[in-house]
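Welcome to a short guided walk through one protein chain. Keep the picture in view as you read, and try to find each part as it comes up.

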Amino acid sequence: MIVDDDLDDRFFFHKAVNTIDATYECMEAENCENALRQLRLCDRLPDFIFLDLNMPRMDGKQCLQELKKDERLKNTPVIIYSTSSFKRDIDNTRELGAAHFLTKISDISKLPGMITSAIELASIGISIK
């Protein structure tokens, strides 16, 4: 699942996921409220949630806290996917329970590899940027 208020970022994320494996399904939400609603109602939870930090109303850190409070959602790995590369954001989201931190880049041709690496690192518990 990708949670990001930027339509272009969601589009390129979907395209990258499809490049990795065309059989993967990718849920999306344009804000945290919508993401939480979808996740609480869906029959099958996503394997990973990629979460932008800077969004209106409820930001990514607040959303991460809500995900970790929810008994059904708390074990779904959350990978922060943000333009931020500030150490305080990386450290703070790690403390809040993020499995990994991935900084957005402008070269979208590298995105499939970055997503794959982030998933692999999050799966084995390496929480670095």
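This is a predicted model, and its sheet is a good place to begin. The sheet is open and has 5 strands in the order β2-β1-β3-β4-β5, with parallel pairing. In general, strands of a sheet pair through backbone hydrogen bonds, and the pairing can be parallel or antiparallel. At the edges of this sheet you will find β2 (28–29) and β5 (100–103), each of which pairs on one side only.

**Along the sheet**

Let us start at the β2 end. Strand β1 (residues 2–3) pairs with β2 in the parallel sense, over 2 bridges. Here Val3 has Ala29 of β2 as its bridge partner.

Further along, β3 and β4 run parallel and are joined by 3 bridges. In this pair, Ile49 stands opposite Val78 in β4. To get from β3 to β4, the chain crosses through α3, and this β-α-β crossover is right-handed.

Next comes the pairing of β4 (residues 78–82) with β5, which is parallel and spans 4 bridges. Among the bridge partners, Tyr81 is matched with Leu102 of β5, and Ser82 is matched with Thr103 of β5. The chain takes helix α4 (residues 87–95) on its way from β4 to β5, and this β-α-β crossover is right-handed.

How many residues of β4 are buried? The count is 5 of the 5, so β4 is largely enclosed by the rest of the structure. Both of its faces are covered: Val78, Ile80 and Ser82 are buried on one side, and Ile79 and Tyr81 are buried on the other. In the edge strand β5, His100 and Leu102 point one way while Phe101 and Thr103 point the other way, and all are buried.

**Two helices that meet**

Now turn to helix α1 (residues 7–20) and helix α5 (residues 111–123), which pack at an angle of about 75 degrees with their axes 8 Å apart. That angle makes α1 roughly perpendicular to α5, because angles from 65 to 115 degrees count that way. On the α1 side, the contact is made by Phe12, Phe13, Ala16, Val17, Thr19 and Ile20, and on the α5 side by Leu111, Pro112, Ile115 and Thr116. Sorted by type, the residues of this contact are 8 nonpolar, 2 polar and no charged.

**Five residues to find**

The table lists how accessible some individual residues are.

| Residue | Relative accessibility | Class |
|---|---|---|
| Leu64 | 0% | buried |
| Asp4 | 1% | buried |
| Asn34 | 16% | buried |
| Lys61 | 22% | partly exposed |
| Arg57 | 66% | exposed |

Leu64 sits in helix α3 (residues 60–69). Not counting residues up to four places away in sequence, Leu64 touches Leu51, Val78, Ile80, Thr93, Leu96, Gly97 and Ala98. Two of these contacts, Val78 and Ile80, are among the buried residues on one side of β4.

Lys61 is also in helix α3. With relative accessibility of 22%, Lys61 counts as partly exposed, because buried means under 20%. Setting aside neighbours within four places in sequence, Lys61 is in contact with Leu53, Asp89, Asn92, Thr93 and Leu96. The C-alpha atoms of Lys61 and Asp89 are separated by 9.0 Å, and the two residues are 28 residues apart along the chain.

Where is Asp4 found? Asp4 is in the loop between β1 and α1. Beyond residues up to four places away in sequence, Asp4 touches Asp9, Arg10, Ala29, Glu30, Asp52, Met55, Tyr81 and Lys104. From Asp4 to Cys32 is 28 residues along the chain, and their C-alpha atoms are separated by 8.1 Å.

Asn34 belongs to helix α2 (residues 32–41). Its contacts, not counting residues up to four places away in sequence, are Glu28 and Ala29. You have already met Ala29 as the bridge partner of Val3.

Finally, look for Arg57 in the loop between β3 (49–51) and α3. Most residues other than glycine have a negative phi. The phi of Arg57 is near 60 degrees, a positive value in a residue other than glycine. At 66% relative accessibility, Arg57 counts as exposed.

Terms used
Residues are numbered from 1 along each chain as its sequence is written. This is a predicted model: local features need pLDDT of at least 70, side-chain atom pairs count only at pLDDT 80 or more; totals for chains, interfaces and linings use all residues. Side-chain values use heavy atoms; hydrogens and water are left out. Axes are lines fitted to C-alpha atoms, for helices over the stretch in contact, and angles run from 0 to 180 degrees between N-to-C directions. Angles under 35 degrees count as roughly parallel, over 145 as roughly antiparallel, 65 to 115 as roughly perpendicular and the rest as oblique. Contact means heavy atoms within 4.5 Å. Ala, Val, Leu, Ile, Met, Phe, Trp, Tyr, Cys and Pro count as nonpolar, Asp, Glu, Lys and Arg as charged, and the others, Gly among them, as polar. Two strands pair if DSSP finds at least two bridges between them. Buried means under 20% relative accessible area, exposed over 50%, partly exposed in between (1.4 Å probe, protein chains only). A crossover is right-handed if, with the strands pointing away from the viewer, the path from the first strand over the helix to the second runs clockwise.
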